[in-house]
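Please examine the charged side chains of this chain, and consider how they are placed along the fold and at its surface.

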Amino acid sequence: MGRGRRHRDTTWKRNQIENSNENVEKPIASFDSNNFQKPICSNLHFEEYYKEQRIVKAEEWDSFMEFLHKPLPAAFRVNSNGQFCDEIRLKLENDFMKSLQAEAIESGELEAIKPLPWYPKTLAWHSNFSRKEIRKNQILERFHEFLKLETEVGNMTRQESVSMVPPLFLDVHPDHFVLDMCAAPGSKTFQLLEIIHESSEPGSLPNGMVVANDVDYKRCNLLIHQTKRTCTTNLMVTNNEGQHFPSCNTKRTLSVASEINPHPIDQLLFDRVLCDVPCSGDGTLRKAPDIWRRWNSGSGNGLHSLQVVLAMRGLSLLKVGGRMIYSTCSMNPIEDEAVVAEILRRCGCSVELVDVSDKLPELIRRPGLTKWKVHDRGGWYRSYKDVPKSQRDGVLRSMFPSGKSDKDSTGGGNSYEEMAYISSEESAVEVCDLPLERCMRILPHDQNTGGFFIAVLHKVSPLPEFQEKLNHRRNSFTRNNINSSEKSSYEAVSDTVVTKPEEGAEEIVLEATVSENGFKPPEKESTCDEGIVELAQKLDDMGGKREVPSMQGKWKGLYPVVFLRDETVIDGIKTFYGIKDETFPLYGHLVTRNSDISSHGNVKRIYYVSKAVKDVLELNFAVGKPLKISSVGLKMFEKQSAKECEANCCSFRITSEGLPVILPHMTKQILYATMADFKNLLQHKSIKFLDFIHPQIGEKAAKLALGSCVMVLVDDDTQLGSEPVKLKTSTIAIGCWKGKASLTVMVTTVDCHQLIERLSDRSKEVEIAENCLKSAETA
């Protein structure tokens, strides 16, 4: 998963490192990027361990180590749903592949950049330059700026190539509920969302959704910021422990609310689960060379139990017939094959390991191991019966290929004095009888990548009853009666993490800080959740007391998210932008948060959620809010405090990220413009109606209502009429503010710059095509 975080230190780990300093070379002070053969550092324990495990043949060892000491080449992926997807691919193929070739030859490489042969539709690319070289080399500066800009606006994602593999084997469909259990930093979540939206037409939303979870709320911030670029309504980010992720089962956890309002779903189960677990991370040595210094076998041993529990929880949350990927960025069989073998033993015939050897044939991978040994401070162990009793707290039965305990084999455990090392003559290496060769191990020297491990699991029937009961005991929540904060005209459905954005960073979705003065009760004309009065009245009839919810939610440091039910606000938005409920329903799909409501009850920001996300929010509320939701939905509207607003002006403007979703459903406040006027507005940021190149555009702009509007780029003058233009995925549009005498863009400087660059490229392509056509006609 690209990270070796949260691993548990064993008591002997620190001492082992301290006692082996003589075996660890010091990092070189200045690394010569032209001499990749010279290692940054090394670790004799690492070499001894993997030679003993035989993950590569003896004749491959030197090549394996050589690649581990080379900097990792940069890789990136083009967003398949981006409106400039085709143009970016053409730029890579026709521009950078050629312009960077000279630099590649000078560095001893055949190609500067090339598409990854195994990734569909040439959307993923591999560079033969490291990230450091791309940043520092002046010749590569234009390419570096291109990568930075396209990544920032969401057209591309910089991601390690092996990290792109797991979502491809997950076989996600647009109607699937997908759980990414350990999602941060979010590159795989981004991929999953792309697949969910892949077949969607402009204006339609998929029936599926992605729940991206991470236990670290700080990393959740990174996850939120990364996925914000997808502009999706089908995402929920949660901050639960993966091994205790709730299933929100209404049959086991009932509340008053669920009895009053039955829900479309009664349990949160998933069609697909990505279980990319925390690991020791030695597959990332090429991009994180510091791991060399601190690597030891105890890291993998210490994480083994957590990895098993996470995988079992993922399978418990998986629907029958569903598919789960178990993956790590570790090459260690204790974290890889041993975990897969243990969960297969626990699940019996209910889960099978899928053979995907015929998929992605151009991806070079090795079959999983069927035999390995376990290393601890006492030495190497070939079976559990050989482990001294004093060592069995750290060396577990499940780490061995057979998974057998003393009861399953003859003989008892040896004492530490009796056996510090078991020789091959005394004990044969165990061989696993499960089909672990169906697992995949990707090694660095096969395709110049990092290391990775992947197993594809299929749930063919419910888990054995004793395993389900064990999971329910670990993850059960006591029955929660609706308390005073839930008995209000605000329907609390989730909570948001209190976070602080990095300096200079954009605001993160659903991020908030607590007001020093707290939250004051709204007036009678409260703008939020008046549609829940019926539920609140039923609670009153049952003896409940209605109160306004406090800023603080159920979870410490979290804010409740509430459904927006105020008809005045919703009808005002619908009327102003000409949105019809039958094509784009707003009621029940708009949410906000307590921190986005002023002391007078006025809403500042409104988020839109898809039907799938809406159903999960309501389910979470019904069972007592066990989901710690840190972000949900897409920011669609934001209050604009403009002095020019009149009585008939809607004070909520459409956000840039929400525009692609809502534009196909708008029938008002739309202005069409040709390339010349569109670029002119982007360059000057604000233009008076009289100064438009085409006068009819200025005339139409003057007739729009004051407030937020949208300018859509059209191909030629004939499309400037009042008839609506059919929108395509490639349609370019920007949000604007219509004042009394001028039109102003409501787009960030970065987005403006990116659009100008893109439109200039498009103009050049059109000009070249026209010249070619003229030449052909002349000939």
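The report below moves from the overall make-up of the chain to its salt bridges and then to a patch of charge.

## Overall make-up

The structure is a predicted model, and its chain contains 23 helices and 27 strands. Of the 779 residues in the chain, 57% are buried, while the accessible surface amounts to about 33500 Å², with carbon and sulfur atoms contributing 50% of that area.

When contacts between residues at least 6 apart in sequence are considered, 78% of them join residues that are at least 24 apart.

## Salt bridges within a helix

The chain holds 28 salt bridges under the distance rule applied here, a side-chain nitrogen of Lys or Arg within 4 Å of a carboxyl oxygen of Asp or Glu. One of them pairs D86 with R89, whose closest N and O atoms are 2.6 Å apart; both residues belong to helix α4 (residues 85-99), where a spacing of 3 residues corresponds to about one turn of the helix. The two partners fall into separate burial classes, because D86 has a relative accessible area of 49% and is therefore partly exposed, whereas R89, with a relative accessible area of 18%, is buried, the limit for that class being under 20%.

A further pair is formed by E145 and K148, with the closest N and O atoms 3.4 Å apart. These residues lie in helix α7 (residues 141-152), and because they are 3 residues apart there, about one helical turn separates them. E145 is partly exposed at 38% relative accessibility, and K148 is likewise partly exposed, at 40%.

## A buried pair and a network

D446 and R366 also form a salt bridge, in which the closest N and O atoms are 2.8 Å apart. This pair links distant parts of the chain, since D446 sits in helix α15 (residues 444-447) and R366 in strand β11 (residues 366-367), with their positions 80 residues apart in the numbering. Both D446 and R366 are buried.

Salt bridges also occur as a connected group: E342, R345, R346 and R397 are linked in a network of them.

## A patch of positive charge

On the surface, R131, K132, R135 and K136 gather in a patch of positive charge. One of these residues, R135, is placed in helix α6 (residues 131-136). R135 has 47% relative accessibility and so counts as partly exposed, a value that also satisfies the requirement of over 30% relative accessible area for patch residues.

Technical notes
Residues numbered from 1 in each chain as written. Predicted model: local features only at pLDDT ≥ 70, side-chain atom pairs only at ≥ 80, totals over all residues. Heavy atoms only, no water. Patch = residues over 30% accessible without salt bridge, like charges linked within 9 Å, V, L, I, M, F, W, Y side chains within 5 Å. Areas by Shrake-Rupley, 256 points an atom, 1.4 Å probe, with all protein chains shown as cover. Lys, Arg positive; Asp, Glu negative; His and termini not counted. Charge placed at Lys NZ, Arg CZ, Asp CG, Glu CD. Helix = DSSP H or I, 4+ residues; strand = E, 2+ residues; numbered from the N terminus. Buried < 20%, exposed > 50% of the residue type's maximum accessible area, 1.4 Å probe, protein only. Contact = heavy atoms within 4.5 Å.
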